[in-house]
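Welcome, and please load the model in your viewer before we set off. Keep the selection tool handy, as each stop begins with something to pick.

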Amino acid sequence: MRADRVAERLRERELDMLLVTHMTNVRWLSGFTGSNAVIVLGAEERLFITDFRYVEQAAAQVEGFDRLEGERSLLADAARRLRGRVGFEDAHVSVRTLKRLEELAEDAELVPAGDLLEELRAVKEPAELEAIRAAAALADDAAEAVVLSRGLAGRTEREVALELETEMRRLGAEGPSFPSIVAAGPHGALPHAEPRDVEIPAGTLVICDYGARLDGYCSDCTRTFASGPVEGEMVEVYELVLGAQEAALAAVRAGAGLKDVDAVARDRIAAAGHGERFGHSLGHGVGLDVHEEPRLSKQSEGELVAGNVVTVEPGVYLSGAFGVRIEDLVAVTEDGYESFSRLPKGLTVAGE
């Protein structure tokens, strides 16, 4: 049980209890999908608190915890049960909330818990891997139907993005795992471009970054398609990014340094003279959140471990001209990786 794994970590960190308030972590621990709950967890304590609105839902979803109906704010109900050294989620608790907890929890010493739960969540269980795999397959099916089958030229960026998200829902997704990006030509030089009511011209590159949420778990994939035949620098940069991405993928395995995998792609792009045009990290973890641990970046410490799910997504962005990003979602294994992204990566003219 996940709560037992957390209790073991508490012993290692000399904590008597953990107060869980971040709803993603509440869901990971309990299976609860509502919007208001806290968990108090210790060696002998397994307490789940929610308010009147979610009592019946919690009864159906939450097992292995004592359930308590509290007031809507829940803080006072949780604080009354805290004692000893209690870890709190310092990445998610506001200064105001912490002050209030300190006033209420008279028998507790509140100490930052750091990324205790996030570190555990970073290593996926088989059922989690299957959920992410299914979300990725669904999102790719949507992209095949909306982009590859129908083409891009003559449609607006916003139209394509909306149809992608509608198709994901039609196929069974709870929704997109983030707002879809569709960015053509010079607009594609903005890594987080927002789709516009602007028609996509023929003969340019179009970045499509999309993902689905299924059973709570996210996917994330990017392909850069052509809206018609392209040549010259567009082809050269595309092949550079593709080569960097495939080289970085080849470096993915349990034990590989996070910054080392990032460097494989970054050094290759820098050697081609485009280092300053690849300003974001190589990748990030994906799970219940679309951005979580671990991070593949030049600042990251630590190593990949089997069960991590990460993106590998180098990009080159030429201001005023175009951008290229190619992203796969992969699960780390002992000797390599399993890719959850199955759309082709060779330069493809959408609709042909």
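## A loop and its contacts

Start by selecting Ala-254: apart from neighbours within four places in sequence, this residue is in contact with Leu-304, Val-305, Ala-306, Val-332, Thr-333 and Glu-334. You are looking at a predicted model, so do keep that in mind as we go. Ala-254 sits in the loop that joins helix 9 (233-251) to helix 10 (258-271). Now add Gly-307 to your selection and draw a line between the two C-alpha atoms: Ala-254 and Gly-307 lie 8.7 Å apart in space, with their positions 53 residues apart in sequence.

## From helix 10 to a later loop

Stay with helix 10 and pick Lys-259, then Glu-301. Their side chains form a salt bridge, with 3.1 Å between the closest N and O atoms. This pair ties together distant parts of the chain, 42 residues apart: Lys-259 belongs to helix 10, while Glu-301 is in the loop between strand 14 and strand 15 (309-312). Colour the two by accessibility and you will find Glu-301 exposed, at 61% relative accessibility, and Lys-259 partly exposed, at 32%.

## A buried pair

Next, select Lys-124 and Glu-292. How far apart are the closest N and O atoms of this salt bridge? The distance is 2.5 Å. Here too the pair links distant parts of the chain, 168 residues apart, with Lys-124 in the loop between helix 6 (116-121) and helix 7 (126-148) and Glu-292 in strand 14 (residues 292-296). Are these two residues buried or exposed? Both Lys-124 and Glu-292 are buried, so each has under 20% relative accessible area.

## Along one helix

Move to helix 5 (residues 95-104) and show the side chains of Arg-100 and Glu-103. These side chains meet in a salt bridge, at 3.5 Å from N to O. Arg-100 and Glu-103 are 3 residues apart in the helix, and therefore about one helical turn separates them. Arg-100 is partly exposed, with a relative accessible area of 41%, and Glu-103 is also partly exposed, at 46%.

## A network to finish

For the last selection, pick Arg-2, Arg-5, Glu-125 and Glu-128 together: salt bridges link these four residues in a network. If you would like to keep exploring, a search of the whole structure finds 33 salt bridges.

Methods
Residues are numbered from 1 along each chain as its sequence is written. This is a predicted model: local features need pLDDT of at least 70, side-chain atom pairs count only at pLDDT 80 or more; totals for chains, interfaces and linings use all residues. Side-chain values use heavy atoms; hydrogens and water are left out. Helices (H or I, at least four residues) and strands (E, at least two) are DSSP runs, numbered from the N terminus. Contact means heavy atoms within 4.5 Å. Buried means under 20% relative accessible area, exposed over 50%, partly exposed in between (1.4 Å probe, protein chains only).
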